[in-house]
Amino acid sequence: MGWRCEELAKLDLTVNFIGELSSIKNLQHNIHLKELFLMGNPCASFDHYREFVVATLPQLKWLDGKEIEPSERIKALQDYSVIEPQIREQEKDHCLKRAKLKEEAQRKHQEEDKNEDKRSNAGFDGRWYTDINATLSSLESKDHLQAPDTEEHNTKKLDNSEDDLEFWNKPCLFTPESRLETLRHMEKQRKKQEKLSEKKKKVKPPRTLITEDGKALNVNEPKIDFSLKDNEKQIILDLAVYRYMDTSLIDVDVQPTYVRVMIKGKPFQLVLPAEVKPDSSSAKRSQTTGHLVICMPKVGEVITGGQRAFKSMKTTSDRSREQTNTRSKHMEKLEVDPSKHSFPDVTNIVQEKKHTPRRRPEPKIIPSEEDPTFEDNPEVPPLI
């Protein structure tokens with residue numbers, strides 16, 4: 001046991017199939033061991049089991065949850081010489097029983113393996129047949145009866161449930177072999193359940209992407225979000241592909257009337273509103289969001305009601321551009337005639353800057369002597 005654990009104070013060995021009671025002598029070196037549990041072991045059913053343990057381990061204070069009295073210890077030490085040989089004989093008997101139980105369990109296990117091999121090597125219906133004519137007649141009768149598979153499946157289920165109940169209700173000894181037998185039975189039941197679940201799994205038929213008459217369908221098996229932008233020149237499809245998914249798991253196929261994207265083997269198909277050019281289309285992954293962006297340029301013809309009608313490439317925006325170009329070619333200059341209009345000439349607003357004084361000096365008025373109304377008064381000073 002654990003004689004090297006010097007500080008061991010409590011040891012619980014409940015239900016551990018311990019049959020050699022004399023092995024507790026290994027605990028004599030654990031001087032701090034105060035409490036020990038040995039209930040549920042074969043050795044606990046020996047005669048004078050408690051006296052032997054109390055006398056062998058003097059440091060113990062409690063055994064199987066019961067306190068050891070000083071008087072009990074004194075009496076156990078006095079009878080130790082008589083108790084020890086009795087314990088040895090009981091251990092020998094226990095070892096012989098255990099050897100017989102091991103042989104029986106091994107023989108039973110071998111027989112079960114042989115029966116399983118016979119069942120696996122039997123006929124397709126799990127039975128052995130010696131007469132070929134009998135087998136043929138039985139097969140013909142089965143064909144005439146045409147028993148449904150569901151009834152056979154139900155009978156198998158009932159047989160399995162009955163076998164399971166019989167196993168769990170069967171009395172058994174509390175031994176390591178019985179534990180192993182229980183584990184093997186549980187493992188068999190688990191394997192049967194796995195086989196049944198595998199049979200129940202049905203392979204899903206491939207999803208229909210194009211009908212028999214050649215009509216493409218809208219399919220979103222990966223269940224991802226998408227957005228479709230229809231411009232004048234091209235159609236842009238934005239697929240919210242998983243951000244950290246490898247690009248090798250994506251396969252893009254652009255057709256004139258639809259686009260198909262395989263994401264991890266699951267198809268995404270969308271019918272386009274206009275005919276596109278597959279050769280000029282492009283597909284790119286966004287480095288930030290991981291979305292798949294497919295740009296598909298349009299062609300000059302649009303499919304309407306099964307017939308193709310020519311669509312002029314000149315749109316309203318192109319016409320507006322042409323009008324602006326023609327206007328730019330015939331530019332008209334603004335001319336203003338001051339004789340016809342009262343507002344000033346606008347063409348000469350922006351001119352070279354000239355330095356003008358802030359205040360214009362008044363001109364000197366020099367009266368002419370020839371004016372008849374002029375009178376020269378000598379008392380008036382001259383104007384400066």
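**Aromatic pairs, cores and a surface patch**

Phe268 has a relative accessibility of 1%, so this residue counts as buried. Bear in mind that we're looking at a predicted model here. The protein has 7 helices and 14 strands, and 21% of its 384 residues count as buried. Below is a quick tour of the rings, the cores and the surface.

**Aromatic pairs**

- Searching the whole structure turns up 2 aromatic pairs.
- Phe52 and Tyr80 make a stacked pair, because their ring centres are 5.8 Å apart and their planes sit at 15°.
- Since Phe52 belongs to helix α1 and Tyr80 to helix α3, this pair ties together parts that are 28 residues apart in sequence.
- Phe52 is buried, at 1% relative accessibility, while Tyr80 is partly exposed, with a relative accessible area of 22%.
- Phe226 and Phe268 have ring centres 5.2 Å apart and planes at 65°, so this pair goes down as edge-to-face.
- That edge-to-face pair links distant parts of the chain, with Phe226 in strand β6 (residues 226-230) and Phe268 in strand β10 (residues 266-271), 42 residues apart.
- Phe226 is partly exposed, with a relative accessible area of 39%, whereas Phe268 is buried.

**Nonpolar cores**

- As a rule, nonpolar side chains in soluble globular proteins tend to be buried together.
- The largest nonpolar core here has 24 residues, and Leu21, Leu36, Leu38 and Val53 are the ones touching the most other members.
- Helices α1 (49-56) and α3 (80-121) each chip in at least two residues of this core, and α1 brings the largest share, 5 residues.
- Leaving aside residues up to four places away in sequence, Leu21 touches Leu38, Cys43, Phe46, Tyr49, Phe52, Val53, Ile87 and Glu91.
- There's also a second, separate core of 19 residues, which includes Ile224, Val254, Ala274 and Val276.

**Surface**

- The protein exposes about 31,200 Å², and carbon and sulfur atoms supply 53% of that.
- Trp168, Leu180, Leu183 and Met186 form a nonpolar patch on the surface, together offering about 440 Å² of accessible area.
- Helix α6 (residues 176-200) gives the most to the patch, with 3 residues.
- Met186 sits in helix α6 and counts as partly exposed, at 45% relative accessibility.

**Contacts along the chain**

- Take the contacts between residues at least 6 apart in sequence: 56% of them join residues at least 24 apart.

Note on methods: Residues numbered from 1 in each chain as written. Predicted model: local features only at pLDDT ≥ 70, side-chain atom pairs only at ≥ 80, totals over all residues. Heavy atoms only, no water. Helix = DSSP H or I, 4+ residues; strand = E, 2+ residues; numbered from the N terminus. Buried < 20%, exposed > 50% of the residue type's maximum accessible area, 1.4 Å probe, protein only. Contact = heavy atoms within 4.5 Å. Areas by Shrake-Rupley, 256 points an atom, 1.4 Å probe, with all protein chains shown as cover. Patch = residues over 30% accessible without salt bridge, like charges linked within 9 Å, V, L, I, M, F, W, Y side chains within 5 Å. Salt bridge = Lys/Arg side-chain N within 4 Å of Asp/Glu carboxyl O. Core = buried A, V, L, I, M, F, W, Y, C linked by side-chain atoms within 4.5 Å. Phe/Tyr/Trp six-rings, centres within 6.5 Å; stacked < 30°, edge-to-face > 60°.
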